[in-house]
Each structure stands twice: as structure tokens, then as C-alpha cells.
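Biologist: I am new to reading protein models, and I would like to learn how to go through one feature by feature. Could we look at one together?

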Amino acid sequence: MSNMIRLLATADFREISEDLQEEIYYEYYDFAYGMILYIVKDHAATEDIIQESFIKVIKNKPVFENEGKLRAWLKVVTKNTTINYLRKNKNYRNQLVKCTP
């Protein structure tokens, strides 16, 4: 896992410089993009979901003992945000059936 994602989990995001905030966002973007696009199959929707899940991560991050737990938590937040997006948007309701077991 990259140092930027680790920094996202450990630092207060508001106290980080804008340039570093941007780097962290794009690192998260790269982390989440493929997973979300695979489910929704729409670039614009994927970007909306990434922004929404990134805000959730910033606001609700718990303390982690190791990187594995951080990575798993980020995936869960991203997946749940994607599923919630599908539930809210009628255009994607058929996709919801495909992504839930």
C-alpha cells in the first residue's frame, strides 16, 4: 500500500497541504476506480461514487493496527457506497442484483 493511503489513515486531512491532499485523493482514486467501474460500468457514476466514498473515509476513519485492516476497510467503504448509489439511482438497479451475493 502506498504512503499516500497510509497518510490518509493517519493524518488529519484538513491539516495537510493542498498539494498533498490532491496526491492522496488521486491515490485513492486509483485504488477504487477499477472496483467501482466493474460494478456500475459508467465512468461518470464511478467518479461520483469515488468522491462520495472518499469523503466518508476522511470523516469516519478509525485507528488501524496494520495496513491489511486499513485496506480492507477502504474496500468495504467503497463497496458499500457503490451499493448505496445503485439503490438510489433507478438507472442502475439491475446492476445491484449482479453485485450482491
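Biologist: Let me begin with a single side chain. Is Lys 56 buried, partly exposed or exposed?

Modeller: Happy to help, and please keep in mind that this is a predicted model. The general idea is to compare the relative accessible area with two cut-offs: under 20% is buried, over 50% is exposed, and anything in between is partly exposed. Lys 56 has a relative accessible area of 28%, so this residue is partly exposed.

Biologist: Which residue does Lys 56 form a salt bridge with?

Modeller: The general idea first: side chains of opposite charge can pair when their charged atoms come close. Here, the partner of Lys 56 is Glu 52, and their closest N and O atoms are 3.8 Å apart. Glu 52 counts as partly exposed too, at 29% relative accessibility. Both residues belong to helix H3, which covers residues 43–60. They sit four residues apart, which is about one turn of the helix.

Biologist: How many salt bridges does the structure hold?

Modeller: There are two. Besides the pair in helix H3, Arg 14 and Asp 12 meet through their side chains, with 3.4 Å from N to O. Arg 14 is exposed, because its relative accessible area is 70%. Asp 12 is partly exposed, at 32%.

Biologist: Now for the overall fold. How many helices and strands does the chain have?

Modeller: Five helices and zero strands. Written along the sequence, the pattern reads α-α-α-α-α. Of the 101 residues in the chain, 37% are buried. The accessible surface comes to about 6500 Å², and carbon and sulfur atoms account for 50% of that.

Biologist: What would a buried residue look like, say Thr 81?

Modeller: Check the percentage, then look for the neighbours. Thr 81 lies in helix H4, residues 67–88. Its relative accessibility is 1%, so Thr 81 counts as buried. Setting aside neighbours within four places in sequence, Thr 81 is in contact with Ile 49, Glu 52, Ser 53 and Lys 56. You have already met two of these, Glu 52 and Lys 56, as salt-bridge partners.

Biologist: And which residues does Phe 54 touch?

Modeller: Not counting residues up to four places away in sequence, Phe 54 touches Leu 8, Phe 13, Ile 24, Tyr 25 and Tyr 28. Phe 54 lies in helix H3, and with a relative accessible area of 6% this residue is buried.

Biologist: How do I see that residues separated in sequence come together in space?

Modeller: Compare the two separations. Phe 54 and Leu 74 are 20 residues apart in sequence, and 9.1 Å apart from C-alpha to C-alpha. Arg 71 and Ile 5 are 66 residues apart along the chain, yet their C-alpha atoms are separated by 8.7 Å. Arg 71 has its place in helix H4 and is partly exposed, with a relative accessible area of 37%. For the chain as a whole, take the contacts with a separation of 6 or more: 54% of them are between residues 24 or more positions apart.

Biologist: One last feature. Which residues gather in a patch of negative charge on the surface?

Modeller: The patch brings together Glu 18, Asp 19, Glu 22 and Glu 23. One of them, Glu 22, lies in helix H2, residues 18–40. Glu 22 is partly exposed, with a relative accessible area of 45%.

Note on methods: Residues are numbered from 1 along each chain as its sequence is written. This is a predicted model: local features need pLDDT of at least 70, side-chain atom pairs count only at pLDDT 80 or more; totals for chains, interfaces and linings use all residues. Side-chain values use heavy atoms; hydrogens and water are left out. Patches are made of residues with over 30% relative accessible area and no salt bridge: like charges are joined within 9 Å, nonpolar side chains (Val, Leu, Ile, Met, Phe, Trp, Tyr) within 5 Å. Accessible areas come from the Shrake-Rupley method with a 1.4 Å probe; for residues, only the protein chains shown count as cover. A salt bridge is a side-chain nitrogen of Lys or Arg within 4 Å of a carboxyl oxygen of Asp or Glu. Lys and Arg count as positive and Asp and Glu as negative; His and the chain ends are not counted. The place of a charge is taken as NZ of Lys, CZ of Arg, CG of Asp or CD of Glu. Helices (H or I, at least four residues) and strands (E, at least two) are DSSP runs, numbered from the N terminus. Buried means under 20% relative accessible area, exposed over 50%, partly exposed in between (1.4 Å probe, protein chains only). Contact means heavy atoms within 4.5 Å.
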